[in-house]
Amino acid sequence: MVNRNDKPSQGKPEVARRMLFRVALAQFLGMTLWFSATAAGPAIASEFNLTRSATAWLTMAVQAGFVAGTLMSGLLNLADVLNARRLFALGCIVGAAANAIIPLAPAPSAIIVLRALTGFALACVYPPGLKIAAGWFLDRRGTALGIVVGALTIGSAFPHLLAWGAHAVPWRGLMWVSSLLAVAGGCVVWLTVEDGPYVSATAPFNPRAVLEVARNPGVRLATLGYLGHMWELYAMWTWISAFAGAALLARHGTESRTGSLIAFAAIASGAVGCVAAGRWADALGKARIARLALLTSAACSAAAGFFFGAPTLLLFLFASVWGFSVVADSAQFSALVSEYSVRTHVGTALTLQTSVGFLLTLVSIRLLPWFAALVGWRWAFLMLVPGPLLGAMAMKRLMNHSSLIPHH
């Protein structure tokens with residue numbers, strides 16, 4: 001257990017790497033809560049006779065709760081006023097408790113409310129986790145946050161792997177396993193992680209912090225890029241399993257659990273993308289690499305229809321390439337915001353960025369199945385193309401504004 005009376009080690013590389021590993025592990029464990037109900041969605045829908053629209057709310061409720069939680073946290077400066085480690089641990093425990101009650105819920109409405117509460121709690125996990133990692137790195141912050149978001153990505157994908165490999169396990173068991181993992185994540189941060197030297201561990205409440213963040217031109221452009229990225233990301237993650245299932249059915253004439261495995265590959269491959277993009281971004285520029293990832297994922301959204309009904313291996317490879325690119329830029333938007341923000345506002349800026357981004361995901365997640373009903377799953381992902389293209393334009397503007405010097 002860390003001695004809280006000791007001052008944090010001032011950026012020693014070996015200590016920083018150890019703290020990064022622990023934060024990344026905790027993010028992986030905590031974020032298994034996010035897609036646990038999505039992976040269990042078919043079983044829940046079957047038991048409660050849910051429509052496709054109602055099933056979509058198993059994911060959308062988490063997004064809505066997360067938006068509400070991040071908005072409240074941002075307005076109150078919680079990620080800066082409170083210690084990020086304690087906030088992270090609290091979010092894991094509350095989210096795990098809400099998730100663990102879902103198997104006992106008597107009706108779909110109760111499940112959706114509990115999913116929203118889970119998302120609300122995760123607002124205290126994701127942004128504080130990024131702040132903790134940013135506090136230990138300055139020159140290599142892109143790589144560090146890439147590793148943390150990569151761990152989050154694997155955590156989000158993990159329930160799909162369980163759904164594929166343990167299909168005989170009741171969905172209630174899947175939910176309880178994810179809750180136990182989240183509690184473990186909270187314990188890792190609470191007991192073994194220190195505060196880093198490069199951001200303020202705590203700061204006084206500033207009622208003008210939100211306005212000061214919004215007026216920062218570098219933060220605004222990074223957030224615009226993030227919005228384009230988020231329009232695509234969670235809609236793809238949520239519906240790639242349905243797309244893959246429909247594609248396999250079109251080719252083989254029978255339903256297959258392989259759709260869950262393809263969904264796992266599409267999401268988990270993003271972990272590799274996050275780490276690789278982080279290393280490239282530290283060498284070549286964060287905005288430049290984010291723009292390249294946005295253009296690549298936009299091309300994949302446009303090309304998805306051409307892989308519909310393709311051989312399983314080819315579909316698997318396409319999903320992996322798309323998954324690699326669709327989230328590779330995520331950590332770089334967070335790194336850019338953390339660099340352009342003053343150190344006492346880093347937590348608030350990261351929280352507000354994620355809040356508006358996840359608010360947008362509610363729209364794209366809900367619209368995609370509606371669009372699929374109009375044009376079919378083959379061409380449904382065309383709806384996502386404008387988001388990353390607009391995000392790439394914002395990154396081009398940020399690259400051209402050399403006068404926007406980040407605050408270190």
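**Figure 1. Contribution of helix α12 to the lining of the second largest cavity.** In this predicted model, helix α12 provides five residues, the largest share of the lining of the second largest cavity. Helix α12 spans residues 217-252. Helix α9, residues 141-165, likewise supplies at least two residues of this lining.

**Figure 2. The second largest cavity and the residues around it.** Two cavities of 30 Å³ or more are present in the structure, and the second largest has a volume of about 50 Å³. Its lining includes the aromatic residues Tyr126, Tyr226, Tyr234, Trp237 and Phe358. Val149, Leu152, Met230, Leu233, Val327 and Ser330 also belong to the lining.

**Figure 3. Residue classes in the lining of the second largest cavity.** Counted by class, 10 lining residues are nonpolar and one is polar. Charged residues are absent from this lining. Ser330, listed among the lining residues, is the polar one, because serine is not included in either the nonpolar or the charged class.

**Figure 4. Serine 338 in helix α16.** Serine 338 lies within helix α16, which covers residues 330-340. Serine 338 is classed as buried because its relative accessibility is 3%, against a cut-off of under 20%.

**Figure 5. Surroundings of serine 338.** The side chain of serine 338 forms a polar contact of 3.1 Å with the side chain of arginine 141. When neighbours within four places in sequence are set aside, the residues in contact with serine 338 are Arg141 and Val346. Arg141 thus appears both in the polar contact and in the list of contacts.

Notes. Residues are numbered from 1 along each chain as its sequence is written. This is a predicted model: local features need pLDDT of at least 70, side-chain atom pairs count only at pLDDT 80 or more; totals for chains, interfaces and linings use all residues. Side-chain values use heavy atoms; hydrogens and water are left out. Helices (H or I, at least four residues) and strands (E, at least two) are DSSP runs, numbered from the N terminus. Buried means under 20% relative accessible area, exposed over 50%, partly exposed in between (1.4 Å probe, protein chains only). A polar contact is a pair of N or O atoms within 3.5 Å; within protein, one must be able to donate a hydrogen and the other to accept it, and residues adjacent in sequence count only if both atoms are side-chain atoms. Contact means heavy atoms within 4.5 Å. On a 1 Å grid over the protein atoms alone, a cavity is a set of points where a 1.4 Å probe fits but cannot get out, and a pocket is an open set with protein on both sides within 12 Å along at least five of seven lines; lining residues have an atom within 4 Å of a point. Grid points are joined across faces, edges and corners, and a volume is the space filled by probe spheres set on the points.
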